[in-house]
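User: I have a chain in front of me and would like to talk it through. Could you help me read it?

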Amino acid sequence: PMKKLAPVFVLSAGTLWGIMGIFVRKLGTYGFSPLQIACLRILFGAALFLAITGIFRRELLKIRFRDVGLFLGMGLISLLLFTVCYFTTINLASLSAAAILLYTSPIWVMLMSAVCFREKITGRKLLCAAMAFGGCVLVSGIGSAASLSPMVIVTGLLSAVGYGLYSIFGTFALRKYQPLTVTTYAFLFGAAGAPILCKPAEIVGIVSAAPNPAGLVLLLIVTAFVTAVLPYLLYTVGLSHMRASAAAIMAS
């Protein structure tokens with residue numbers, strides 16, 4: 001039954017990730033930088049994941065020391081690199097241009113899956129990837145990426161690679177652990193590196209100076225839950241029953 005539901009989970013995750021830009025723009029009006037928004041999303045996401053796992057499935061918090069490197073890769077590269085680069089691209093260009101560059105990720109996942117898992121690059125996969133990317137371009141606007149700066153192209157493509165690496169790291173991790181364990185530790189390790197990239201004192205100042213600090217904190221919690229906790233958990237569950245390349249194409 002889970003194999004039949006896996007595509008639904010992946011499609012749902014893609015939908016929730018697709019509305020992330022709305023939250024980024026809203027939080028930006030308070031004075032947060034893209035780096036700070038990225039850090040806050042991961043930090044609040046890690047706190048929510050730890051609370052959920054600790055309360056309901058505490059036994060899933062056990063991992064082997066030799067697998068720490070795998071979760072470090074998921075947290076620092078897949079989550080932190082992707083989030084920072086994507087939010088920076090949104091800040092430097094339009095949402096549509098950022099989306100077009102991000103959704104080159106199925107191509108990277110297909111190539112990495114061929115190397116890591118010996119998945120065959122078939123004509124059907126190439127056609128599906130091309131149609132998924134073409135659909136994203138058509139929806140976002142054909143001319144929206146016509147005059148992008150080199151910095152935007154670099155950050156946009158790095159966000160695509162970082163996003164794609166979650167499927168690769170996740171496939172390895174899911175061979176040993178449950179989806180909730182994988183997502184929880186990915187966010188915990190991502191949260192460990194997040195404060196280095198932002199200015200925590202400045203974040204506290206922005207929250208304190210907000211007209212409604214409690215409302216802003218609630219917005220941050222909702223942002224983390226809607227654009228991080230829920231979609232990453234849905235995607236990871238779906239990924240545990242699908243090939244990485246297929247999941248990446250469907251999410252786009």
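The questions and answers below go from the whole chain to one residue.

Analyst: Happy to help! This is a predicted model, where local features need pLDDT of at least 70, side-chain atom pairs count only at pLDDT 80 or more, and totals for chains, interfaces and linings use all residues. Residues are numbered from 1 along each chain as its sequence is written, and side-chain values use heavy atoms, leaving out hydrogens and water.

User: How many helices and strands does the chain have?

Analyst: Helices (H or I, at least four residues) and strands (E, at least two) are DSSP runs, numbered from the N terminus. Along the sequence the pattern reads α-α-α-α-α-α-α-α-α-α-α-α. The count is 12 helices and zero strands.

User: What radius of gyration does the chain have?

Analyst: The radius is taken over C-alpha atoms, and the globule rule is 2.2 Å times the number of residues to the power 0.38. For 252 residues, a compact globule would come out near 18 Å, and the chain agrees, with 18 Å.

User: Is T183 buried or exposed?

Analyst: T183 sits in helix α9, residues 179-197. Buried means under 20% relative accessible area, exposed over 50%, partly exposed in between (1.4 Å probe, protein chains only). At a relative accessible area of 0%, T183 is buried.

User: Which residues is T183 in contact with, leaving aside its neighbours within four places in sequence?

Analyst: Contact means heavy atoms within 4.5 Å. With those sequence neighbours set aside, the partners of T183 are F49, Y166, Y232, L233 and T236.
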